[in-house]
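User: Hi! Could you walk me through this one?
Analyst: Happy to, here it is.
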Protein chains: 2
Amino acid sequence: MNFRQKLNFIVVKNSSLLCVGLDSDIEKIPEHLQKEHYPQFSFNKVIIDATHDLVCAYKPNIAFYEAGGLSGIKQLFKTCEYIKTNYPDVVLIVDAKRADIGTTNVGYVRFIFDELGADAVTLHPYLGQEALQPFLEREDKMCIVLCRTSNPGAGEFQDLMVGDEPLYLHVARRVSKEWNKKDNCMLVVGATYPEELAKIRAIVGDMTLLVPGVGAQGGDVEKTIKAGKNSKGAGMIINSSRGIIFASNGEDFAQKARSEAERLQMEINKYR
Amino acid sequence: MNFRQKLNFIVVKNSSLLCVGLDSDIEKIPEHLQKEHYPQFSFNKVIIDATHDLVCAYKPNIAFYEAGGLSGIKQLFKTCEYIKTNYPDVVLIVDAKRADIGTTNVGYVRFIFDELGADAVTLHPYLGQEALQPFLEREDKMCIVLCRTSNPGAGEFQDLMVGDEPLYLHVARRVSKEWNKKDNCMLVVGATYPEELAKIRAIVGDMTLLVPGVGAQGGDVEKTIKAGKNSKGAGMIINSSRGIIFASNGEDFAQKARSEAERLQMEINKYR
């Protein structure tokens with residue numbers, strides 16, 4: 001089963017476009033877990049068990065694990081393994097934001113798709129299609145290319161006018177029309193920019209978009225769905241990280257994470 | 001001692017602008033090392049011992065270590081530790097090509113600067129200065145931003161015209177004039193594009209450039225130095241990876257790597 005089939009199945013099964021971002025910052029996880037041997041993994045396990053029937057995907061961001069050196073990276077491996085073993089229907093996106101020149105990317109492909117077993121990876125566009133070929137060749141996986149990011153300063157380069165359109169629309173056009181030969185490309189578009197999201201949707205047809213930035217970053221769910229959904233009322237994976245996993249930092253963190261995931265799942269479905 | 005002082009010292013001490021890229025692909029290291037418990041680290045140790053007095057910097061690319069999963073990443077840690085312990089004067093650049101939104105970059109900063117102990121890191125520009133602030137705040141370290149990369153398809157976005165200049169020159173201008181407030185920014189410019197290198201030099205003043213692409217990728221040393229040197233006959237760190245470390249794959253790999261490093265060091269100095 002390739003990424004697209006896997007995503008379509010879980011979106012229907014769990015009636016959800018919600019992705020939970022496992023940005024499990026060691027400094028923010030509940031105090032009673034800090035004494036565990038693998039505190040980030042222990043935390044993730046509980047969050048995953050509490051939310052797996054409400055989501056279509058999990059998205060650990062590598063930075064929060066690399067911060068802890070080898071021990072942190074080991075906890076990323078254990079987290080990926082846990083998802084694949086216990087909830088094999090749920091899509092696993094590794095948010096690694098990688099991209100190097102061609103031959104070097106072979107190493108990243110092995111790490112992310114084969115070692116970690118991810119279904120999808122996030123990628124920087126700056127080096128171009130030719131460089132990313134080792135990723136793009138993997139028909140079974142998904143390449144999610146940064147297009148319009150959710151950060152306040154995203155426009156510094158992304159909004160530069162190239163002819164009569166900004167760079168991010170040029171990226172959207174290239175990726176959707178040229179890079180996507182194996183139907184294995186998506187784009188990252190921040191929920192914090194609904195107008196830009198609508199312009200991207202107008203270019204890319206029914207392509208699926210990964211949309212971070214609702215929740216802690218302040219993106220509005222109704223505006224996001226209305227601007228970003230495709231002709232089938234789907235075509236989006238909507239990510240919330242801190243807003244769900246750190247909904248509480250007490251002993252009730254799992255219940256609070258579940259409540260918040262459920263609330264967001266339903267809010268998303270309301271506007272589809 | 002910050003990066004700049006460290007670099008100036010070693011460039012004079014070793015009379016070298018050469019950086020050896022430790023792209024120690026497990027499949028390419030000599031067969032007699034494959035049986036070692038840590039083959040990549042064993043290989044790197046020998047290469048480093050054989051070349052440390054000929055270089056100003058070492059640059060391991062993370063992809064070649066992540067390809068081996070946890071064991072590979074452990075060998076990256078051991079390699080960085082070995083350089084810092086035995087050759088503390090030599091600059092350590094970790095070629096990680098990272099960039100995420102602001103708070104997330106804190107994790108990468110910890111991993112690369114504090115856990116691995118790198119003096120410098122390579123970064124993607126696409127998310128802008130605001131996102132990269134956690135890197136840019138580190139006055140003791142160096143942020144090396146991708147500008148014009150060495151790969152054949154680099155121009156897909158980098159050559160797009162923004163007003164009357166291509167995107168890569170716009171990146172060069174922003175990084176050198178706006179991002180470099182703490183004098184801790186450099187740019188990556190491929191040796192495979194000497195004309196572009198000259199245009200970048202004209203914009204950035206005496207800023208140091210990291211220049212990959214001589215050796216296996218085919219960049220010409222004379223053209224590269226003439227196009228890229230600054231007003232002091234320096235201002236470049238010139239990287240060769242495969243051309244040096246895989247000069248031989250037999251038992252004589254260390255001597256061959258040393259000969260090739262020495263030849264390239266001298267060729268670079270000839271044209272400065």
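Analyst: Before we look at the interface, one term: two residues are in contact if their C-beta atoms, placed from the backbone, lie within 7 Å. Also keep in mind that this is a predicted model.

User: Got it. How many residues does each chain bring to the contact?
Analyst: Chain A gives 48 residues and chain B gives 48 residues.

User: Which elements of chain B touch chain A?
Analyst: The elements of chain B that give two or more residues to that side include helix 3 (63-66), helix 4 (69-86), strand 3 (91-98) and helix 5 (102-115). Helix 7 (155-158), strand 6 (161-162) and helix 8 (167-179) are also among them. Helix 5 of chain B has the largest share, with eight residues.

User: And what's the make-up of that side by class?
Analyst: On the side of chain B that touches chain A there are 23 nonpolar, 15 polar and ten charged residues.

User: Nice. What rotation superposes chain B on chain A?
Analyst: A rotation of 180° does, with 0.0 Å of shift along its axis and an RMSD of 0.0 Å. That is how a two-fold axis relates two copies. In chain B, B:V162 has the C-alpha nearest the axis, 2.6 Å from it.

User: Why do you say the copies meet through the same surface?
Analyst: Because 100% of the interface residues of chain B are also interface residues in chain A.

User: Changing topic: what's in chain A by itself?
Analyst: Its secondary structure comes to twelve helices and ten strands. The C-alpha trace of chain A spans about 55 × 45 × 35 Å along its principal axes.

User: How does its radius of gyration fit a compact globule?
Analyst: It agrees: chain A has 18 Å, and a compact globule with 272 residues would have a radius of gyration near 19 Å. Buried residues make up 59% of the 272 residues in chain A. Of the contacts in chain A with a separation of 6 or more, 72% are between residues 24 or more positions apart.

User: Any backbone angles I should look at?
Analyst: Try A:K97, where phi is near 45°, a positive value in a residue other than glycine. A:K97 sits in strand 3 (residues 91-98) of chain A.

User: Is A:K97 buried or exposed?
Analyst: A:K97 counts as buried, because it has 26 C-beta neighbours inside 10 Å, and the cut-off for buried is 20 or more.

User: What about B:D183, where is that?
Analyst: B:D183 is in the loop between helix 8 and strand 8 (185-189) of chain B. B:D183 is not a glycine, yet its phi is positive, about 55°. With 11 other C-beta atoms within 10 Å, B:D183 is exposed.

Definitions and conventions: Residues numbered from 1 in each chain as written. Chains lettered and ligands numbered in written order. Predicted model: local features only at pLDDT ≥ 70, side-chain atom pairs only at ≥ 80, totals over all residues. Helix = DSSP H or I, 4+ residues; strand = E, 2+ residues; numbered from the N terminus. Nonpolar A, V, L, I, M, F, W, Y, C, P; charged D, E, K, R; others polar. Rg over C-alpha atoms; globule rule 2.2 N^0.38 Å. Buried ≥ 20, exposed ≤ 12 C-beta atoms within 10 Å, placed from the backbone. Least-squares fit on C-alpha atoms with pLDDT ≥ 70 in both.
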